[in-house]
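Trainee: Could you walk me through this one?
Mentor: Sure, have a look at it while we talk.

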Amino acid sequence: MNSENVTLCEKTVSSSYIRQGSQARRGHEQLIRHLLDQGKCPEEGWSESTVELFLNELAVMDSNNFLGNCGVGEREGRVASSLVARRHYRLIHGIGRSGDIAAVQPKAAGSSLLNKLTNSVVLDILKISGVRSVASCFVVPMATGMSLTLCFLTLRHRRPKARYIIWPRIDQKSCFKSMITAGFEPVVVENVTEGDELRTDLEAVQRKIGELGAENILCVHSTTSCFAPRVPDRLEELATMCAKHDIPHIVNNAYGVQSSKCMHLIQQGARVGRIDAFVQSLDKNFMVPVGGAIIAGFDECFVQEISKMYPGRASASPSLDVLITLLTLGANGYKRYLTERKEIYSFLAEELKTLASAHGERLLHTPHNPISLAMSLDGLQASSNQAVTQLGSMLFTRQVSGARVIPLGKEQTISGHTFRGFMSHSESYPCPYLNAASAVGITRGDVTLCVKRLDKCLKALKKHGKTAGSCSDQEAPDEE
């Protein structure tokens, strides 16, 4: 409320009360002013009333909310359902223009400001999380796989003769399909086993570069966050190799923002070698609905080039969701989540280790994986060929979501390429196992209940075999 309206209010209500209310409003406005001035995530989170005041202020700057607006175009921000309008805080125009997702819309000053601020706040969080030299980023309304595809398509213009992407194997369908969808031929490099861990075969990558020729390689496509016993790729070595051969390097950092180790690998890789862009999911790292990702890099020009490759305008929903979340949490609130996640990782490891020992199994030793853990299922495999997969379905029907049970010898064909030992990231991993992860937002209660139910399922399978009250359980879907 401007000063003139405040003065008018004093004609109706005591001026002392109006001044008190005006001062309270200025408290909200001071927070908003600081955000607009600094473009960084506030240290302490905002109240819902501050967030809603801010979003309403943005919404009234968009043409669809002008009191005297007369729209005669094909895209005027019209919404038939008031419920839909409220769900989006009346920010209807989306972000970007037909030629650039980062461009300002003349009809939508508020939505454009939302887009710019979201990218700025997210960039601040990436720096806080460990990649301090990141130069630029933008939120894109696509999940990780399609965002990787956008990066590859952008590189096509820089390397028009290249047709191959070197890819250290990671058994996750969308990152493999991201290369196929972009029209490139993935060159799968099998991992090497070191103890229980599956690690990057650097010698094999070097051989592939020599065989294919650096000029024919679009990029190296590496991974940080992954399911144990696969561990993050050796980013420093790969980045050094890419710099030496002048080959671009794209990193799939899907849920790596929540891990200081994954972010440190990216920072170090960029420091000693070459990383052109790294991509991370919004839902996995910031606890928002699926549908958005962050594309970030160390060369602002290249990041802008990627944003210009996106055709048309885009939904503002992912940007709105992550901005609301980060303003509500504040930088300190988000850092608390990261600290809790790391602490619960240790708790999960101890609980799984104890449970594994009680059932004659063991927790696989994967110290280089900071998020995911794996427990062997050798005894279960020995008791029945079907018992391992049956365990997965038993857990799923008992509402334990996210736990992945990996049997031996599974084959999967994706876009004409057959993966042997699919989901284990290896053609011949020596044992079946169960995955569990400590991801941001997990609680100690989640771990305790999961371990309790897992213990009951293992006891039931060992006592009665695969028909232990669960033959009717359907097979659990693959988790990616």
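What follows is a chat about the whole chain, its domains and cores, and a few single residues.

Mentor: Ground rules before you start: this is a predicted model, where local features need pLDDT of at least 70 and side-chain atom pairs count only at pLDDT 80 or more, while totals for chains, interfaces and linings use all residues. Residues are numbered from 1 along each chain as its sequence is written, and side-chain values use heavy atoms, with hydrogens and water left out.

Trainee: What radius of gyration does the protein chain have, next to that of a compact globule?
Mentor: The C-alpha trace spans about 85 × 55 × 40 Å along its principal axes. The globule rule is 2.2 Å times the number of residues to the power 0.38, with the radius taken over C-alpha atoms. For 480 residues that puts a compact globule near 23 Å, and the chain agrees, at 25 Å.

Trainee: How many residues of domain 2 are in contact with domain 1?
Mentor: An automatic or database domain assignment sets the bounds, giving domain 1 (109-329) and domain 2 (334-466). Their C-alpha centres lie 26 Å apart. Taking contact as heavy atoms within 4.5 Å, 37 residues of domain 1 meet, on the domain 2 side, 39 residues.

Trainee: Which helix gives the most to the largest nonpolar core?
Mentor: A nonpolar core is a set of buried Ala, Val, Leu, Ile, Met, Phe, Trp, Tyr and Cys residues joined through side-chain atoms within 4.5 Å; buried means under 20% relative accessible area, exposed over 50%, and partly exposed in between (1.4 Å probe, protein chains only). The largest core has 92 residues, and Phe-54, Leu-126, Phe-152 and Phe-286 have the most contacts inside it. With 9 residues, the top contributor is helix H13 (residues 317-358).

Trainee: And which residues does the second, separate core include?
Mentor: The largest core draws at least three residues from each of domain 1 and domain 2. The second core is separate and has 30 residues, including Phe-347, Met-375, Leu-380 and Val-405.

Trainee: Is Val-447 buried or exposed?
Mentor: Val-447 sits in helix H16 (residues 444-464); helices here are DSSP runs (H or I, at least four residues), with strands as E runs of at least two, numbered from the N terminus. Not counting residues up to four places away in sequence, Val-447 touches Ile-344, Phe-347, Leu-348, Glu-351 and Ile-442. Because its relative accessible area is 2%, Val-447 counts as buried.

Trainee: Where is Lys-284, the residue UniProt lists as "modified residue: N6-(pyridoxal phosphate)lysine"?
Mentor: That listing comes from an unreviewed entry, and such annotations may be inferred rather than shown by experiment. Lys-284 is partly exposed because its relative accessibility is 31%. Beyond four places in sequence, Lys-284 is in contact with Ala-254, Tyr-255, Gln-258 and Val-440. As for its place, Lys-284 is in helix H11 (residues 282-286).

Trainee: Which side chain makes a polar contact with the side chain of Arg-75?
Mentor: An unreviewed UniProt entry annotates Arg-75 as "binding site", and Arg-75 lies in the loop between helix H3 (48-59) and helix H4 (82-87). Leaving aside neighbours within four places in sequence, Arg-75 is in contact with His-93, Gln-105, Lys-107 and Arg-313. A polar contact needs N or O atoms within 3.5 Å; within protein, one must be able to donate a hydrogen and the other to accept it, and residues adjacent in sequence count only if both atoms are side-chain atoms. At 3.4 Å, the partner is Gln-105.
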